[in-house]
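Here are some exercises to work through with the model open beside you. Try each task before reading its solution.

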Amino acid sequence: MTKDVIDAIKERTSIRRFKPDPVPEATIGRLLDAARLAPSAGNMQPWFFVVVMNEDLRRQLAKAARQPFIAEAPVCIVVCAEPERSASRYGQRGRELYCIQDTAAAIENILLAATGYGLGACWVGAFDEEEAARILELEPGLRPVALIPIGYPDQERKAVPRRPLEEVVRVIN
Ligand SMILES: Cc1cc2nc3c(=O)[nH]c(=O)nc-3n(C[C@H](O)[C@H](O)[C@H](O)COP(=O)(O)O)c2cc1C
C-alpha cells in the first residue's frame, strides 16, 4: 500500500543508515518511473539515471563523496543532467538553470516515491563530480548532479527543524 503524497512529503526525512536487504528490482523500476514523470522545461527531460547495484562501484562513489554511509545502501541512483539538451532550446538558461531544476524535480520524486514504498534515501550533492563521472564512465554530455543511496531504513526517521513560515513567506494582496 503506497502513501498519499502529502503523507509522503511529511514523512520523508534523509536516511543515512540502511539495512543490507536488497530492494526489489520492480520497486527500483517504480522509483525511476516516478523520476521520469517529473516536470521539465519544455518537456525536454534532460536527465539520465544510473542505477548502481555493484558494491565496488558504490564504495568508489562513497569515496568520491567522502561519505561512507552511501556504500551501505544496497542501491545508489545517480541522477545526471544533460545540459546541452536543455541548451538546444533554451540556450544559457537551459544549460545553467533548467536542466538543474528539472533533475531536482526528478530527484524529489524519487525521494517521495521511496518513502511511499517504505524505503529510505538521501539526496547527496557533495561529491567530486569529475570523479563520479569517471567511476561511472559517463558520456561527456552528462553531468552527475546527485547521488541517491536507497535501502530499507535502519534508523528512526528524525525530522530536522524548518524555518517558520512567517520568515520565508510574504503574501501580497
Ligand atoms: C542539494 C542538496 C544537497 C545535499 N547534499 C547532501 C550530502 O552531500 N550529504 C548528506 O548527507 N545530505 C545531503 N543533503 C540532505 C540534506 O542535508 C537534508 O535534506 C536536510 O538537512 C534536511 O533534512 P531532511 O532531508 O531529513 O528533511 C542534501 C540535500 C540537498 C537538497
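The exercises below go from the ligand to the pocket, the cavity and the sheet.

The model is predicted, so to speak with care: local features need pLDDT of at least 70, side-chain atom pairs count only at pLDDT 80 or more, and totals for chains, interfaces and linings use all residues. Residues are numbered from 1 along each chain as its sequence is written, and side-chain values use heavy atoms, with hydrogens and water left out.

**Exercise 1. The ligand**

Find which residues come nearest to the ligand, and list polar contacts that it makes.

Solution.
- Step 1: 13 residues surround the ligand (a heavy atom within 4 Å of it). Ser14, Arg16, Gln67, Trp123 and Arg162 come nearest.
- Step 2: Sort this shell by class, and you get 6 nonpolar, 4 polar and 3 charged residues. Here Ala, Val, Leu, Ile, Met, Phe, Trp, Tyr, Cys and Pro count as nonpolar, Asp, Glu, Lys and Arg as charged, and the others, Gly among them, as polar.
- Step 3: Look for polar contacts (pairs of N or O atoms within 3.5 Å). The side chain of Ser14 has an N or O atom 2.6 Å from a ligand oxygen, and the side chain of Arg12 has one 2.9 Å from a ligand oxygen. A polar backbone atom of Gly125 lies 2.9 Å from a ligand nitrogen.
- Step 4: Alone, the ligand exposes 620 Å², of which the protein buries 64% (Shrake-Rupley areas with a 1.4 Å probe).

**Exercise 2. Pocket and cavity**

Describe the largest pocket and the largest cavity by volume and lining.

Solution.
- Step 1: Fix the terms. On a 1 Å grid over the protein atoms alone, a cavity is a set of points where a 1.4 Å probe fits but cannot get out; a pocket is an open set with protein on both sides within 12 Å along at least five of seven lines; lining residues have an atom within 4 Å of a point. A volume is the space filled by probe spheres set on the points.
- Step 2: The largest pocket holds about 280 Å³. Its lining has 13 residues, with Arg12, Thr13, Ser14, Val160 and Arg162 closest to the centre. Helix 1 (5-11) and helix 5 (83-116) each give two or more of them (helices are DSSP runs of H or I, at least four residues; strands are runs of E, at least two).
- Step 3: By class, this lining has 4 nonpolar, 3 polar and 6 charged residues.
- Step 4: The search finds 1 cavity of 30 Å³ or more, with a volume of about 30 Å³. Residues lining the largest cavity include Arg12, Thr13, Leu111 and Arg157. Helix 5 gives the largest share, 3 residues.

**Exercise 3. The sheet**

Work out the strand order, and explain why two strands are edges.

Solution.
- Step 1: The open sheet has 4 strands in the order 1-2-4-3, paired antiparallel (a pair needs at least two DSSP bridges).
- Step 2: Strand 1 (47-52) and strand 3 (120-121) each have a single partner strand, so one side of each lacks a neighbour in the sheet.
- Step 3: Strand 2 (75-81) and strand 4 (143-151) are joined by 7 bridges; Cys76 has Pro149 of strand 4 as its bridge partner.

Notes:
A polar contact is a pair of N or O atoms within 3.5 Å; within protein, one must be able to donate a hydrogen and the other to accept it, and residues adjacent in sequence count only if both atoms are side-chain atoms.
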